Amino acid sequence: MRKIFAINAGSSSLKFQLLAMPAEEIIAKGIFERIGEPESAFTLVYQGQKETEKLVLSSYKEAVNYLLKRLDEKGIIQSLADIAGIGHRVAHGGDYFKASALVDESVLTKIDELSFLAPSHNPANLEVIKAFKELLPNTPNVAVFDTAFHQTLSEEYYLYPLPRKYYDKYRLRKYGFHGTSHKYISLITKEVYRQQALDTDQLKVISCHLGNGASICAIKGQQSINTSMGFTPLAGLMMGSRSGDIDPAILPFLMEEEGLTPSQITAILNKESGLLAVSEISNDLRDIEEAYHKGYSQAITAIEMFTNRIAHTIATYMVDLGGADAIVFTAGIGENSRLIREKVAEKLSVFGVKLDHEANESSKKLISKDDSSIKLFVLPTNEELMIARDTMELIS
């Protein structure tokens, strides 16, 4: 048994799992929240227990140091030497990385160079990697890139219809995100088909990772063919507080009329738009659904817009794939919102999609009727497990 950390650093948070590999068993997991704010929070779950503490943590290094100390005090690890490897989710790997990579100085340099493409995430990812390298200098680190799975996109899908010089100079292209989740969904869907003795060769899967951040991926034969996020995670579907795709001429118009700077318009698109803007209630779909069922018109509009865009993207990817064998709903909204799944399936009925309403209400794994033209699944994603698997493979 080897103990592997799976680390997921956000702009002010640090999620972790400690797994026993290759058994793929979770030894402990938890999260640090509001790092760098006046009051941080730490949650640790192990051996059926859940502990929450209020802390003051000014940096990721302090969080990592505190984590290692607590795991040692609890006897979850006997010594730091117990940790065989540390896998890190890294938001942006550009077109440098087509797969996960052992971290060395050149990898650290490239992650840093790409920070302008993911300013909220790559610097945090980098800081956490450096903290682990300093505190556990003899333990290998692995970078697992959100963008790597989508490096199989062909030019017709990843290029933008802009002058080529901007691609050559700035690498302006579609990168796609949530790749670790979409890759996991492609593997688990294949396993579901294999268990049912169904053909898995060139399996056509449309993976719908629907959470506060949301993206859809067209997958054929375990490879990403197209995906909805683009140069940044702002593109594609409308999301909790992100606009998704809009007419690009809106941006200079608002900047001129409102006197907005590039950073201000970027903040509006990322933090004040999407479901939050349309509903004028919340960026949390649970709050919007509650208002929807009470008949609030703006909540109804937000739900209709969200599901329209999901259905339209799925329809587009059916063209890209030449049909689809399975549509998979995953992540917070995909796994938990019966309403969203129902409305998306309803909009796709023109393609012969048939929802089993009873199965959908109970969130079963298979939620389509036997005579549905495309199977509908609800499958939990597991990005941490994918991080641990890649780490285990690379350190072996």
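Below, a biologist and a modeller talk through the helix packing, the cysteines and one asparagine of a predicted model.

Modeller: A word on conventions: residues are numbered from 1 along each chain as its sequence is written, and side-chain values use heavy atoms, with hydrogens and water left out. As the model is predicted, local features need pLDDT of at least 70 and side-chain atom pairs count only at pLDDT 80 or more, while totals for chains, interfaces and linings use all residues.

Biologist: Happy with that! Why are α10 and α13 called roughly perpendicular?

Modeller: Helix α10 (residues 285–293) and helix α13 (residues 338–347) pack at about 70 degrees, with axes 10 Å apart. Angles of 65 to 115 degrees count as roughly perpendicular (under 35 is roughly parallel, over 145 roughly antiparallel, the rest oblique), so α10 and α13 earn that label.

Biologist: Which residues meet there?

Modeller: With contact meaning heavy atoms within 4.5 Å, L285, E289, Y292 and H293 of α10 meet L339, I340 and K343 of α13. By class, that contact has 4 nonpolar, 1 polar and 2 charged residues.

Biologist: And what makes α6 and α15 roughly perpendicular?

Modeller: The axes of α6 (residues 179–195) and α15 (residues 383–395) come within 9 Å and cross at roughly 90 degrees, so this pair is roughly perpendicular too. On the α6 side, T180, S181, K183, Y184 and L187 take part, meeting E383, L385, M386, I387, R389 and D390 of α15. The class count here is 5 nonpolar, 2 polar and 4 charged residues.

Biologist: On to the cysteines. How do you know that C208 and C217 are too far apart for a bond?

Modeller: A disulfide is a pair of cysteine sulfur atoms within 2.5 Å. The sulfur of C208 has its closest cysteine sulfur in C217, 9.9 Å away, so there is no bond. Seen from C217, the closest cysteine sulfur is that of C208. The disulfide count is 0.

Biologist: What makes C208 and C217 buried?

Modeller: Buried means under 20% relative accessible area (exposed is over 50%, partly exposed in between, with a 1.4 Å probe and protein chains only). C208 is at 0%, so it counts as buried, and C217 is likewise buried at 0%.

Biologist: Last one: is N360 buried or exposed?

Modeller: N360, in helix α14 (residues 357–361), has a relative accessible area of 0%, so N360 is buried. Leaving aside residues up to four places away in sequence, N360 touches R338, R341, E342, L355 and I367. The side chains of N360 and R341 are also joined by a polar contact of 2.7 Å, the limit for such an N or O pair being 3.5 Å, with one atom able to donate a hydrogen and the other to accept it.

Conventions:
Axes fitted to C-alpha atoms, helices over the stretch in contact; angles between N-to-C directions. Helix = DSSP H or I, 4+ residues; strand = E, 2+ residues; numbered from the N terminus. Nonpolar A, V, L, I, M, F, W, Y, C, P; charged D, E, K, R; others polar.
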